[in-house]
Amino acid sequence: MADTALDQLKRSGRVVVVGASLAGLRAAEVIREKGFAGSLTLIGDEPHEPYDRPPLSKQVLLGKADAERTLLPRRRDIDAEWRLGVAATGLDMAARTVKLADGEEVPYDRLLIATGVRARPWPNEAEGELGGVFTLRTREDGVGLARALNAGPRRVLVIGAGFTGSEIASACRERGLEVTVAERGNGPLVGALGGVIGAVAAELQRENGVDLRTGISVTALEGDSTGRVRAAHLSDGTTLECDVVVVGLGAQRNTEWLMGSGLGAGPRGIACDAGCRAFDLRGIVTDDIYVAGDVARSPHALFGYQFLSLEHWGNAVAQAETAAHNMMSESTDRRPHLWVPAFWSSQFGVNIKSVGVPSMGTEIMITQGSRAERRFTGVYGYQGRVIGAVTFDNGRWLQFYEKQIECTAPFPPPFTTVDRRPDGQRPIPADFPDPSVPTHGPTITLSGYSPADRRIATFTPAGH
Ligand SMILES: Cc1cc2nc3c(=O)[nH]c(=O)nc-3n(C[C@H](O)[C@H](O)[C@H](O)COP(=O)(O)OP(=O)(O)OC[C@H]3O[C@@H](n4cnc5c(N)ncnc54)[C@H](O)[C@@H]3O)c2cc1C
């Protein structure tokens, strides 16, 4: 049989992966699994081999895990050339090369971009550089923040009550530290789960001793004469003394290095088709550049073909696997990335899980358990169908609701459920913030139909 282009690629082609973390590593493993015998290069700007991020907020801050020991397990040998500690700074789509910060140009036949996101910094640079001010995304952030908490600060201020901010507040309370959480929305987790669940999360925080202040922004941070943070000024005119500040204002997509390349990349991520192939700026799909993980935006049939950007561990793995499969397949053997979003968090001793896209939901129904007991399942509805679900300490039911989402089951659920309480007899408004106002809390962002980002090239989140 004649040698196909795919055979040649697999035998002696060049695959380059930019972003050496969860998605990049998993893709590299699958690329080898598919029989790729050519050269494989992994480019990562961090100096470390791929490590896991969720333990940074869950175990490292509690002293239960050492940040140095969070390397991701390897599923197989990937026989790659590792270019760590060097950033990709440019892409030439015509010449098929990636430019590196050290001036080198790395040629590719197939490119996977998995450059993820970074923590949004405090908007005032000088204040953000004060000693004791942290964000939490990298291993270094985790080590630094854990050290600051070990030193026994008098008060920690967490700015932003999304998942990361809430988990940090939880870790502080578990360590017996005084912590204030300032959130400009009306409750924790409202961007991801809406106001009804935000109210439960607020009670949970307050009962656990968090000084939670909602509807409040931090307007400025103040340092002492040694350059360490000593106080924060709040939008209600008050001043809060604090010696550690954690900025939890969400994430920014690592796409700046692609500016001018012609790829459909911008502040909301890199647009790709359901097969993980990147779009160029004109909305035309490329055939040699793929995207996976937190940096990707891809359309999903279950959610109105909206482009979804997900900051979910499971999505990074699933999308990397699909991208790698498609990179190594004939066009007729390719498959779509149709992963149903799923997320977990643990805070204040409660296991919180979600599935689907709760933030598309206009209504929520507590189908099992009770909010007062913090053990329940909430089902989100959108235009008469089940679109998402959340559980507090009730995760065993989630798979069932995932199936309901997959088969576009009707909402409100017409069937009876075990442990249905009086407050679960009918749906109530889910109370999400206005979707046109970007929040720093969501772990899923819906971004319309446009594959290219020209229109939103100047997008900046409101208020920051
Ligand atoms: C504290 C914390 C807790 C979390 N908890 C949960 C959780 O409970 N559940 C959950 O589902 N998810 C959680 N997540 C999210 C999860 O970790 C991410 O979804 C996952 O890391 C995404 O993987 P990724 O490979 O796409 O991106 P990333 O892990 O962000 O990796 C991207 C890599 O690319 C590098 N890079 C960026 N630009 C360049 C460039 N130009 N050149 C070279 N390299 C570059 C980055 O430095 C980084 O190493 C958490 C994240 C954090 C930070």
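Q: A polar contact is a pair of N or O atoms within 3.5 Å. At what distance does a polar side-chain atom of Asp 294 lie from an oxygen atom of the ligand?
A: The model considered here is predicted. In it, the partner of the ligand's oxygen atom is a polar atom in the side chain of Asp 294. The distance between these two atoms is 2.9 Å.

Q: How much of the area that the ligand exposes when taken alone does the protein bury?
A: Taken alone, the ligand exposes 1000 Å². The share of that area buried by the protein is 95%.

Q: Which residue places a backbone N or O atom 2.9 Å from an oxygen atom of the ligand?
A: Side chains also approach the ligand: a polar side-chain atom of Arg 137 lies 2.8 Å from one of its oxygen atoms. Where a backbone N or O atom lies 2.9 Å from a ligand oxygen, the residue is Ala 23.

Q: Which element supplies the largest share of the shell around the ligand?
A: The ligand is surrounded by 31 residues, and the closest include Asp 45, Glu 46 and Lys 58. Elements that each supply at least two residues of this shell are helix H2 (22–33), strand S2 (39–44), helix H3 (54–58), helix H8 (313–327) and strand S24 (342–347). The largest share, three residues, comes from H3.

Q: How many residues of the shell around the ligand are nonpolar?
A: The shell is divided by residue type into three groups. Seven of its residues are charged and nine are polar, while the number of nonpolar residues is 15.

Q: Which helix gives the largest share of the largest nonpolar core?
A: In soluble globular proteins, nonpolar side chains tend to be buried together. The largest nonpolar core here has 65 residues, and those with the most contacts inside it include Val 156, Leu 193 and Phe 392. Eight residues of this core, its largest share, come from helix H7. Apart from this core lies another of 29 residues, Leu 22 and Tyr 290 among them, but the helix asked for is H7.

Q: Is Ser 21 buried or exposed?
A: Ser 21 is found in the loop between strand S1 (14–18) and H2. Its side chain is joined to that of Arg 53 by a polar contact of 3.4 Å, and it also touches Pro 50, Tyr 51 and Leu 72. The relative accessibility of Ser 21 is 16%. The limit for a buried residue is under 20%, so Ser 21 counts as buried.

Q: Is Pro 47 buried or exposed?
A: Pro 47 lies in the loop between S2 and H3. It touches Leu 84, Gly 85 and Glu 140, not counting residues up to four places away in sequence. Pro 47 and Leu 84 are 37 residues apart in sequence, yet 5.2 Å apart in space, C-alpha to C-alpha. Because its relative accessible area is 58% and the limit is over 50%, Pro 47 is exposed.

Q: What is the form of the peptide bond from Phe 411 to Pro 412?
A: Pro 412 is placed in the loop between helix H9 (398–406) and strand S29 (428–429). The omega angle of the bond from Phe 411 to Pro 412 is near 0°, and the bond is cis.

Q: What is the approximate phi of Asp 431?
A: Asp 431 has its place in the loop between S29 and strand S30 (444–446), and at 41% relative accessibility it counts as partly exposed. Although Asp 431 is not a glycine, its phi is positive, at about 65°.

Definitions and conventions. Residues are numbered from 1 along each chain as its sequence is written. This is a predicted model: local features need pLDDT of at least 70, side-chain atom pairs count only at pLDDT 80 or more; totals for chains, interfaces and linings use all residues. Side-chain values use heavy atoms; hydrogens and water are left out. A residue is near a molecule or strand if one of its heavy atoms lies within 4 Å of it. A polar contact is a pair of N or O atoms within 3.5 Å; within protein, one must be able to donate a hydrogen and the other to accept it, and residues adjacent in sequence count only if both atoms are side-chain atoms. Accessible areas come from the Shrake-Rupley method with a 1.4 Å probe; for residues, only the protein chains shown count as cover. Helices (H or I, at least four residues) and strands (E, at least two) are DSSP runs, numbered from the N terminus. Ala, Val, Leu, Ile, Met, Phe, Trp, Tyr, Cys and Pro count as nonpolar, Asp, Glu, Lys and Arg as charged, and the others, Gly among them, as polar. A nonpolar core is a set of buried Ala, Val, Leu, Ile, Met, Phe, Trp, Tyr and Cys residues joined through side-chain atoms within 4.5 Å. Buried means under 20% relative accessible area, exposed over 50%, partly exposed in between (1.4 Å probe, protein chains only). Contact means heavy atoms within 4.5 Å.
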